[in-house]
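Visitor: I am new to this structure and would like a close look at a single part of it. Could you take me through the strands and the helices that go with them?

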Amino acid sequence: MKPGPVPPREFVVDGHKYPVVRQNGRVIATDAAHPAWLPTAATAALGSRRIAVIEGDPLADTVAAEAAEAVAAHGGSITRFAGDAPRAEVVFTLAEGLADEAYRIDRADGSVTVAASTGRGLLYGYFHLVRLGEAAFAGVASETHAPAGEIRILDHWDNMDLHPVMGAVERGYAGASIFFDAGDGLPGSGTIRDDLSRVRAYGRLLASIGINALSINNVNVHAREARLLTDDLPHVARIADTLRPYGVRLHLAVSWASPMMLGGLETSDPFDAGVRAWWAEASNRVWAAIPDFGGFVVKADSEGQPGPFAYGRDHADGANMLAEAVAPHGGIIHWRAFVYNHTQDWRDRSTDRARAAFDHFAPLDGRFRDNVIVQVKYGPMDFQVREPVSPVLAAMPQTRVALELQVTQEYTGQQKHAVYLGPQWAEIMRFDFGEGQTVASLAQGGFAAVANVGADEFWTGHPFAQANLYAYGRLSWNPLADADDLLHEWIAQTFAAEDAAVARTVRQILAQSWLTYEMYTTPLGVGFMVRPGHHYGPDVDGYEYTPWGTYHFADRDGIGVDRTVATGTGYAGLYPSPWRETYESLETVPDELILFFHHVPYTHVLHSGKSVIQHIYDTHFEGVERVRAYVEAWNAVSGSLADQDLAARVNERLAEQLRSAIEWRDQVNTYFLRKSGIADAHGRRIH
């Protein structure tokens, strides 16, 4: 009898070899970073077959390298070819007639052929087969896949120097930057890492979910990061080289004041000839070092960042000046619409932060150059667990707008809480402003999101937070994808070697986790109520008397912000019909957003039939019990996991989630009992 394939004794990542530890034939440990949704077991269906990959394209070489690792682990084989494809069970070949990133899958006579016009399309096709597993070899004879958005970018808020408040990554909850080394911690000592193996592994994860662009540094550009445009360009080019085999184009966040910070100019006025020349030269220098560089990300005139307002110019003036500088290279300017007054007087109820992006940007529609993308947060405030969709997305039909999401969980548990955000994002992308104008269809500039990855062993701090990175990539490729299906995909790959009970439990915890988090935190669209600064944990009045414009206006009679046209700030009127009427009226406003649009008595009866105050009590008690059930469910299966380090990390995070949920419940319920004087109808203990 011919012996079967010998299981590999080493696991290769980015050219580095790591020992494989096995138990009963299953990989249980390696010295590499956690493989997330691409463990060796996930490639079993492909790796056990005969694979043929065409030659002649750099990204086809990446497909071949991926296939080689899969067949080494699972006993298949791989050949390369030029010209006609050989007989094989899986063939990756180039063909004309498909869009740049699209791929077609054909099935015939027991074989599968993936065809694309570019190596990038072949790479995406390869990872699609990985997702399908054995199902890749069944199903319809032919299917074609293409991304909805041309640009699908992740924005990292990584610092080169340790920030005294924010640390290595602003709003990062997974350890240090994978790109930068903070040196000795002193100002100016930060560098780009010598070892970029984690970056290469990250590029692989991004390619597997269709991400094609990456901005590596904080949009709040400090003096050290500003020099990425100058002194550090050779090292930035190393990062670009590392990501290129996975089809990911590099971007940089830049400071509006760069001509002054780096060039010694006395102004950053976009109408100044010297400023325009400085940016043109800077762009030439960047593209000379990185020919496939993507472009610049800009946060201007926001939260203390410099911008064109200082010179009496508007945001179209500023963005277009930069767009002119990068246009010869095919570059893009991502200009963030997150602009508002962060020094608001809390006594002034006429100033509404929710209106700010609309008031600043809607009048500029049609004035931005074609290579400017205005990046709009999904809601009018700041990545809350529940906000209405931003009306800016529908107000700029002559502008390339991108939908901006937040994968890092700044206001949704900071990767200490298990909160799967796929359902929230799917709901946002499908939101219809009227006449079939969904958010996804209006986002002609593609999709952007704040990343959640760091140097943590599990990439995202909480292993379950990997599901959010996965879902963002898959939804930015196909906004019509079902969030529950994407969760199933992530679980099936990530826990491919685990018992079915583990997969069921992870699904049980995550499927409704967004709604669970909403239950025990901020009710009915009111938002915030977090500790100022770090934004973790409850503080109902934490921002109530601050300059940030994040108020709930709770008093003895009621709660909520009046944003109606009739008696409030007029924000509801910024929406097209039928939404302006829907949000304006107490009869039609959805329960989950009532406190965002209206100030109502605690006794106001919701569409659910409950009063506002009883809804607050009930949801906070129920939210805690849901988390308690998560803890019990995980405890029942965690001991069976092969990866006990992952099991322990999840145990620790779920324990913290339960502690925090109880604190949220007790603080919020106690606050509103004392404010309203209305007891819980069920007589439960409130302090």
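Guide: Here is a walk through the strands, with a stop at some helices on the way. Please keep in mind that this is a predicted model.

Let us begin with the barrel. Eight strands form a closed barrel, in the order β11-β16-β17-β18-β19-β20-β21-β22, and their pairing is parallel. From one strand to the next, the twist averages 25°. To see one pairing up close, find strand β18, residues 295-298, and strand β19, residues 332-336; they pair in the parallel sense over four bridges. One spot to look for is Val298, which stands opposite Trp335 in β19. A helix belongs to this view too: α9, residues 315-326, packs on the sheet and touches β18, β19 and β20, the last of these covering residues 372-377. The direction of α9 makes about 160° with that of β19. As a general point, strands of a sheet pair through backbone hydrogen bonds, either parallel or antiparallel.

Now move to lower residue numbers, where another set of parallel strands can be followed. Strand β5 (residues 50-54) and strand β6 (residues 77-81) run parallel and are joined by five bridges. Within this pair, Arg50 stands opposite Ser77 in β6. Helix α2, residues 58-74, joins the picture here: β5, α2 and β6 make a right-handed β-α-β unit.

Strand β5 has a further partner, β7, which runs parallel to β5 and is joined to it by three bridges. There, Val53 has Phe92 of β7 as its bridge partner. Strand β7 itself spans residues 90-94, and four of its five residues are buried, so β7 is largely enclosed by the rest of the structure. From β7 you can step on to strand β9, residues 111-116: these two strands run parallel, with five bridges between them. In that pair, Leu94 stands opposite Ala116 in β9.

To finish, look at helix α14, which covers residues 466-477. This helix has twelve residues and reaches 17 Å from its first C-alpha to its last, close to the 16 Å expected at 1.5 Å a residue. Helix α14 is mostly covered, with twelve of its twelve residues buried. Among them are Leu469, Tyr470, Tyr472, Leu475 and Trp477, and also Arg474, Asn468 and Gln466. As you turn the helix around, it may help to know that an α-helix has 3.6 residues a turn, so residues three or four places apart point the same way.

Notes. Residues are numbered from 1 along each chain as its sequence is written. This is a predicted model: local features need pLDDT of at least 70, side-chain atom pairs count only at pLDDT 80 or more; totals for chains, interfaces and linings use all residues. Side-chain values use heavy atoms; hydrogens and water are left out. Two strands pair if DSSP finds at least two bridges between them. Axes are lines fitted to C-alpha atoms, for helices over the stretch in contact, and angles run from 0 to 180 degrees between N-to-C directions. Contact means heavy atoms within 4.5 Å. A crossover is right-handed if, with the strands pointing away from the viewer, the path from the first strand over the helix to the second runs clockwise. The expected span of a helix is 1.5 Å times one less than its number of residues. Buried means under 20% relative accessible area, exposed over 50%, partly exposed in between (1.4 Å probe, protein chains only).
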